[in-house]
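User: I should like to work through the architecture of this model by question and answer. Please reason briefly each time and finish on the value or name requested.

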Amino acid sequence: MATFLRRPGNLARFSRRATEAISRTPVSARVPSSRLSSFITSHRIRTFATSGPGGPDDKSQNTQPSGSGPENNGRKDEEPKKPESVLSEEDQKNLDAFVKHVEGRLPESQHASLQEMRKQLMRDGLPDDVKTFIDRHRDASLMDYLRMIRFLLKYTNEQANKEASKEANEHMARMMNKTPEEVQKELEDMKKKSGSETEKGKEEPNQEKKDEKGQQQKKKPGQPPVGKVFEFRFDPAAFAVTALVTYYIYRSFFPGESSGREITWQEFRSNFLEKGIVEKLTVLNHSRVRVDPNRDALAASYPDSNGNPGPVYFSIGSVDSFEMKLEQAQYELGIPTHERIPVAYVDEVSWGSALMTFAPTLLLFAGIYWFSRRAGGGAGGQSGIFGIGKSRAKKFNQETDIKIKFADVAGMDEAKVEIMEFVSFLQQPERFQRLGAKIPRGAILSGPPGTGKTLLAKATAGESGVPFFSVSGSEFVEMFVGVGPSRVRDLFANARKNTPCIIFIDEIDAIGKSRAKQNFGGGNDERESTLNQILTEMDGFNTSEQVVVLAGTNRPDVLDKALMRPGRFDRHINIDRPTMDGRKQIFRVHLKKIVTDENMEYLEGRLAALTPGFAGADIANCVNEAALVAARENADKVVMKHFEQAIERVVGGLEKKSLVLSPQEKRTVAYHEAGHAICGWYFQWADPLLKVSIIPRGQGALGYAQYLPANGDTYLMNTNQLMDRMAMTLGGRVSEELHFDTVTSGASDDFNKVTRMATAMVTKFGMSKKIGFVHYEEDQGQQFQKPFSEDTARNIDTEVRRIIDEAYKQCHDLLTEKKHEVGIVAEELLSKEVLGRDDMIRLLGPRPYPESSEFAKYFDGKGGATFAPPEPTQNPEETLGKDGRDQTPIP
Ligand SMILES: Nc1ncnc2c1ncn2[C@@H]1O[C@H](COP(=O)(O)OP(=O)(O)OP(=O)(O)O)[C@@H](O)[C@H]1O
């Protein structure tokens with residue numbers, strides 16, 4: 001770039017190229033659309049495309065003497081030998097000096113063009129702009145450059161037009177056997193006739209294209225070659241801006257210099273000062289001196305220079321020393337005081353250095369701007385730093401976005417009834433207001449993850465047909481102070497504009513945590529003020545404002561009491577994991593989209609029985625997983641096997657095919673699992689086995705056994721059940737003891753479970769006579785002091801040990817008695833790897849204890865062949881409770 005710019009000739013060449021491009025478009029736009037003219041047009045275009053004016057091959061064309069234009073109709077023999085000049089002597093001298101100056105900086109191939117331009121200027125006179133430029137070309141300003149460029153554009157355009165039409169005339173004359181004069185006349189007549197046609201300019205380009213195409217198709221040998229036509233779009237504004245920028249970049253790198261020559265002080269003294277040709281000295285930026293010679297004196301001393309040697313500079317150490325040296329030199333040369341050389345002082349600011357000075361500040365601002373755009377991006381459709389305080393709540397339109405209805409939310413009838421009231425409030429507020437009832441402001445939906453809190457909130461909006469603003473609690477929290485409250489304000493302001501509507505704040509515990517609990521490390525001011533703002537906004541509603549705020553959380557226990565008080569979130573709706581019936585309903589909802597031939601009643605029931613403790617999201621995942629398993633097998637429908645595999649995968653984790661056990665290890669695992677299975681089968685109060693597997697799954701589990709609560713979902717456990725469950729959990733280790741010489745580490749997780757159960761019996765459930773009816777909180781590592789004495793601690797230890805020993809004895813007695821059965825199950829497990837309940841019935845006979853009818857219905861060993869759909873009944877007595885799932889992994 002710098003090299004390009006260093007030479008003014010390059011700038012001129014650059015502008016000329018641009019003009020070549022420009023000149024093509026107007027030519028084609030101006031001519032009439034007759035066949036003759038279109039031929040000319042196409043020919044003109046060809047002329048430019050095949051041989052650009054001013055190129056190295058254009059000598060013959062460009063060196064044509066002036067006067068070969070249309071005004072003398074191309075008669076070369078009439079051309080004067082010497083071009084006439086209309087310029088004054090001084091102008092002529094200046095022009096010659098300028099041309100010589102530029103010629104020295106242009107490649108030879110462009111000299112012809114330059115001479116051509118000189119001739120034209122001599123013939124037509126110097127336009128003012130050019131005259132100014134020529135006079136000042138060594139110190140030309142930006143405006144001078146731009147004026148010069150404008151002239152060059154005009155000049156090359158005219159040249160191009162003249163040459164094109166001349167060549168076209170000659171060609172036409174050859175084609176039509178006429179003289180060029182006759183063709184010219186004919187053309188002028190045509191132009192007169194079709195003068196009005198030029199207004200139809202819009203249609204012409206198409207016409208021209210067609211004609212040109214026709215011409216190309218009709219091309220015969222002997223005709224001039226038809227070149228490819230390129231059309232350029234030229235934007236004068238862009239060109240001017242580019243020229244401006246280019247100039248300033250150039251000037252910033254070479255301040256005050258336009259192809260100047262650097263000399264030394266000695267050279268200056270001997271070649272300039274001593275010869276008396278210095279007119280003026282200009283000190284630039286205290287470091288360089290520009291020498292302005294007296295042109296006449298210069299021309300006299302150096303005839304070759306034409307009075308113009310170009311800018312000459314020399315460097316100085318300091319202004320003082322320069323002044324002293326100059327003074328000294330002038331004194332020595334005997335220059336009288338009144339003829340001493342004037343010295344001017346100029347400070348030129350380099351754009352480059354100015355830019356570098358401001359660069360860090362500019363970078364800083366750019367960085368801040370960029371970060372603010374990122375931080376604020378998407379804030380309610382706003383971006384930039386001004387959008388950061390805007391709420392990020394997504395607004396769902398009731399007509400287009402929310403298609404969820406209560407029918408899509410299965411198995412939470414109580415919650416639905418509660419929330420239905422909000423729907424009727426939004427739909428018919430007067431029904432409540434008439435009786436003087438205050439409208440509830442909001443509800444907190446709490447419950448374990450995936451139980452359908454968000455789904456229920458969406459369904460509420462879907463049913464009531466109002467806009468729904470959904471936002472997550474964490475979206476209020478930002479690194480900037482004050483953003484949280486501002487977003488809350490914005491959210492509520494938006495909601496008020498869209499009444500009636502529902503706001504749903506998911507994971508409200510992110511901002512609604514109790515302020516009292518922040519005892520360590522101080523509070524979080526930003527979160528507190530966000531919470532305060534929510535409290536204020538909810539208070540600020542007037543009772544007739546139809547804005548309902550629903551909030552979802554998994555941790556209702558940590559929420560601030562102020563948030564939960566009536567008047568804010570009036571309702572607390574607890575959504576727990578679904579019961580057996582709930583699961584059936586959820587399966588029904590999700591199975592609708594699945595392609596299957598199974599008996600739906602049976603399928604729903606069996607799947608619900610197989611998935612105790614599953615939340616709605618687990619069920620949705622299971623159904624989808626089953627479809628994926630079926631698709632992987634290329635099956636055309638999803639069958640029971642696929643569903644069971646999917647459940648196994650969700651419960652036990654991914655199958656670890658890469659984990660290969662040694663035969664001895666596999667045997668140990670088989671006997672370990674068989675021990676659990678036999679205990680589950682023969683202990684009356686234990687959960688019967690559903691499936692046992694020795695395929696490694698999940699994280700570190702080498703085998704697993706799945707049990708089903710014998711009486712469906714269980715919410716209370718008696719001592720017998722706890723003892724049987726503990727004994728069953730110890731079954732793995734006892735079986736290892738009975739069948740092998742040594743035991744393995746595989747029972748460690750079983751011991752953990754047994755210890756926790758026994759400890760709970762002693763410290764929480766009041767099942768130890770020695771400790772009594774007390775409840776000691778579990779030590780979660782946060783208590784520095786145990787809430788009981790050393791004596792009690794010792795007694796708890798003794799009691800826990802006693803209970804575990806009892807469970808162990810119970811298990812040992814059973815497995816010693818059933819040693820043979822353990823062997824049968826273990827060997828079968830070794831050969832089949834997975835055993836189901838049906839296999840157990842085949843190997844051991846039916847379980848000797850009665851089982852719940854629900855359980856028997858779906859696990860009768862006949863795969864639903866005898867299944868009769870039950871009367872549709874609801875079990876109103878089912879209450880919400882604990883997870884009935886159990887796994888016995890071997891780490
Ligand atoms: N009762 C239900 N009926 C039908 N589908 C359900 C039900 N509960 C959950 N689902 C399914 O589980 C998905 C996740 O539920 P949702 O997002 O509502 O859970 P959530 O309780 O809000 O979870 P989190 O507490 O983690 O935010 C739903 O999209 C839906 O497919």
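User: In what order do the strands of the open sheet of 5 strands follow one another?

Analyst: In this predicted model, the sheet of 5 strands is open and its pairing is mixed. Its edge strands, each paired on one side only, are β1 (261-263) and β5 (343-346). Read across the sheet, the order is β1-β4-β3-β2-β5.

User: By what angle are neighbouring strands of this sheet turned against each other on average?

Analyst: The value is an average over neighbouring strands of the sheet, and direction is ignored. On that basis the angle is 30°.

User: Which residue in β3 stands opposite V278?

Analyst: Strand β2 covers residues 278-284 and strand β3 covers residues 288-293. The two pair in the antiparallel sense, over 6 bridges. The residue of β3 that faces V278 is P293.

User: At about what angle to β3 does helix α12 run?

Analyst: Helix α12 comprises residues 265-273 and lies across β1, β2, β3 and β4 (312-315). Relative to β3, its direction is at about 15°.

User: Where does the ligand lie with respect to domain 3 and domain 4, and why?

Analyst: There are 19 residues around the ligand, and G452, T454, L455, G616 and A617 come nearest. Two or more residues of the shell are given by each of α18 (453-464), α23 (580-591) and α25 (616-632). Because domain 3 (389-576) and domain 4 (581-652) both contribute residues to the shell, the ligand lies between them.

User: How do the residues of the shell around the ligand divide by class?

Analyst: The classes considered are nonpolar, polar and charged. The shell around the ligand divides into 9 nonpolar, 8 polar and 2 charged residues.

User: Which strands stand at the edges of the open sheet of 3 strands?

Analyst: This sheet has antiparallel pairing and the order β13-β12-β14. Each edge strand has a single partner, so one side of each is left without a neighbour in the sheet. The twist from one strand to the next averages 10°. The edge strands are β13 (704-707) and β14 (834-836).

User: Which residue in β13 stands opposite S693?

Analyst: Strand β12 (residues 689-693) pairs with β13 in the antiparallel sense, over 4 bridges. Across from S693 in β13 is Y704.

User: What angle does the direction of helix α31 make with that of β14?

Analyst: Helix α31 (residues 819-832) packs on the sheet and touches β12 and β14. Helix α32 (residues 837-844) also lies across β12 and β14, running at about 80° to β14. For α31, the angle with β14 is about 120°.

User: Is the crossing of α5 and α7 left-handed or right-handed?

Analyst: The axes of helix α5 (residues 89-103) and helix α7 (residues 128-135) come within 9 Å and cross at roughly 65°. In this contact D91, N94, L95 and F98 of α5 meet K131, I134 and D135 of α7. By class, the contact has 3 nonpolar, 1 polar and 3 charged residues. The crossing is left-handed.

Conventions: Residues are numbered from 1 along each chain as its sequence is written. This is a predicted model: local features need pLDDT of at least 70, side-chain atom pairs count only at pLDDT 80 or more; totals for chains, interfaces and linings use all residues. Axes are lines fitted to C-alpha atoms, for helices over the stretch in contact, and angles run from 0 to 180 degrees between N-to-C directions. A crossing is left-handed if the near helix is turned anticlockwise from the far one by less than a right angle, and right-handed if clockwise. Two residues are in contact if their C-beta atoms, placed from the backbone, lie within 7 Å. Ala, Val, Leu, Ile, Met, Phe, Trp, Tyr, Cys and Pro count as nonpolar, Asp, Glu, Lys and Arg as charged, and the others, Gly among them, as polar. Two strands pair if DSSP finds at least two bridges between them. A residue is near a molecule or strand if its C-beta atom, placed from the backbone, lies within 6 Å of it. Domain bounds come from an automatic or database domain assignment.
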